[in-house]
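User: I should like to learn how to read the features of a structural model, taking each feature in turn. Could you begin with the pairing of strands?

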Amino acid sequence: MKRILTIQDISCVGRCSLTVALPVISAMGVECAVLPTAVLSNHTMFKNFTCKDLSGEIEPIMDVWEKEGITFDGIYTGYLASADQCRQVCRLFDRFAGEDTLVLADPAMADNGKLYAGFDDSFPAEMAKVCAKADIILPNITEACLMTGMTYRTEYDESYIREMLERLLKLGCSTAVVTGVSFAPELLGSAYLTRGGKPSYVFTRRCSQCYHGTGDLYASAVMGGIMRGMELDSALELAGEFIASCIETTASSPTPRWYGVEFESQIGNLTKMVRERL
Ligand code: PXL
């Protein structure tokens, strides 16, 4: 069984980061080791939150892993709590990402044209350095704009997305995926470009509701699919289908949308989707 390491925070309540990566990646048949970057009472879209930064733990944990000879087939990074943590994660790549380790970076730091609470304008440049060292990066349009200097737009055409993908590759990664792309009201998906290739798209039906944490669910499912040996387009298609089914089953729930989607009811469906694609 493949073993991956995921590096992101634990938001105790609110279905995002580690509380979705662990169950999703495990359900896809991949061992999911964790490096928690911070512990928050709940994610930062709630009105109040506490945040205990765990940066001081990262170095000692890496030292022990090295002594134990622990290795990873993949490393998946998500929300990082500070610029210093971005630098620590770059050092972790140098120590643990060998030739055969797939590194996927989801620069979870912004959405809808705005940085998340707690980050300042200098943060995207530090996150861009993490993305530079990754094989695959998975920003949404806002995050891509912040890392490439492009202007954030809600209305755009294929040339805007193509330029975005090309600029993202210039950061240094091998494959750039931009999530949350749409050219038709009923379809939503991702655009991707691999060095030397041409832009491609994977779309799924668009759900009208919007929930917090779906980016983390999507990235986790993409990582799980790739680690199970799927091609990128197949992993993106599976992830889009999984998110759509999660949103559809949550739509009738009275719980506020910042509690995230009820992915728990779709875990059985997820393992079935993986089996069907292998
Ligand atoms: O879902 C991304 C995310 C992860 N972790 C924390 C967050 C957010 C988005 O707001 O606040 C702590």
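Analyst: Eight bridges link strand β1 (residues 3-11) with strand β2 (residues 31-40), and the two strands run parallel. Within this pairing, R3 stands opposite E31 of β2. Please bear in mind that the model is a predicted one.

User: In what order do the nine strands of the open sheet lie, and what is the sense of the pairing?

Analyst: The order is β3-β2-β1-β4-β5-β8-β9-β10-β11, and the pairing is mixed. At the edges are β3 (51-53) and β11 (200-205), each of which pairs on one side only. Helix α7 (residues 214-227) packs on this sheet, where it touches β1, β4 (74-77), β5 (102-105), β8 (136-137), β9 and β10 (187-194). The direction of α7 makes about 170° with that of β4.

User: How should one read the two faces of a strand, and which residues of β4 point each way?

Analyst: The general idea is that side chains in a regular strand alternate between the two faces of the sheet. In β4, G74 and Y76 point one way while I75 and T77 point the other, and all are buried. As for the partners of this strand, β1 joins β4 through four bridges in a parallel arrangement, with T6 opposite Y76. Four bridges also connect β4 and β5, again in the parallel sense, and here T77 stands opposite A105 of β5.

User: How does one read the environment of a helix? Is α5 mostly covered or mostly uncovered?

Analyst: One may consider its burial, its packing partners and its two ends. Helix α5 (residues 141-148) is mostly covered, with seven of its eight residues buried. These are I141, T142, E143, A144, C145, M147 and T148. They pack against β6 (110-111), β7 (114-115), α4 (123-132), α6 (158-171) and β9 (175-184). At the N-terminal end, N140 acts as the cap: one of its side-chain oxygens lies 3.1 Å from the backbone nitrogen of T142. After α5 comes G149, which has a positive phi near 85°.

User: Where is L22, and why does it count as partly exposed rather than buried or exposed?

Analyst: L22 belongs to helix α1 (residues 18-27). Its relative accessible area is 34%, so it counts as partly exposed; the buried class lies under 20% and the exposed class over 50%. Leaving aside neighbours within four places in sequence, L22 is in contact with C32 and V34. For a separation through space, one may take L22 and A134: they are 112 residues apart along the chain, and their C-alpha atoms are separated by 21 Å.

User: What does a positive phi tell the reader, and which residues other than glycine show one here?

Analyst: Most residues other than glycine have a negative phi, so a positive value invites a closer look. Two cases may be examined. S17 has a positive phi of about 40°, and N112 has one near 50°.

User: Where do S17 and N112 lie, and is each buried or exposed?

Analyst: S17 is found in the loop between β1 and α1, and its relative accessibility of 1% places it among buried residues. Not counting residues up to four places away in sequence, S17 touches Q8, D9, S11 and D216. N112 is in the loop between β6 and β7, and at 59% relative accessibility N112 counts as exposed.

User: How should the surroundings of a ligand be read, and which residues are around the ligand here?

Analyst: One lists the neighbours, then examines the polar contacts and the cover. The residues around the ligand are D9, S11, C16, S17, L40, H43, T44, M45, Y79, Y116, H212 and D216. Oxygen atoms of the ligand take part in polar contacts with side-chain N or O atoms of the protein: the distance is 2.6 Å for T44, 2.7 Å for D216 and 3.4 Å for H212. Of the 310 Å² of accessible area that the ligand has on its own, the protein covers 98%.

User: Which residue links the reading of phi with that of the ligand?

Analyst: S17 is one of the residues around the ligand, and S17 also has a positive phi although it is not a glycine. Moreover, S17 touches D216, whose side chain has an N or O atom 2.7 Å from an oxygen atom of the ligand.

Methods:
Residues are numbered from 1 along each chain as its sequence is written. This is a predicted model: local features need pLDDT of at least 70, side-chain atom pairs count only at pLDDT 80 or more; totals for chains, interfaces and linings use all residues. Side-chain values use heavy atoms; hydrogens and water are left out. Buried means under 20% relative accessible area, exposed over 50%, partly exposed in between (1.4 Å probe, protein chains only). Contact means heavy atoms within 4.5 Å. A polar contact is a pair of N or O atoms within 3.5 Å; within protein, one must be able to donate a hydrogen and the other to accept it, and residues adjacent in sequence count only if both atoms are side-chain atoms. Two strands pair if DSSP finds at least two bridges between them. Axes are lines fitted to C-alpha atoms, for helices over the stretch in contact, and angles run from 0 to 180 degrees between N-to-C directions. A residue is near a molecule or strand if one of its heavy atoms lies within 4 Å of it. Accessible areas come from the Shrake-Rupley method with a 1.4 Å probe; for residues, only the protein chains shown count as cover.
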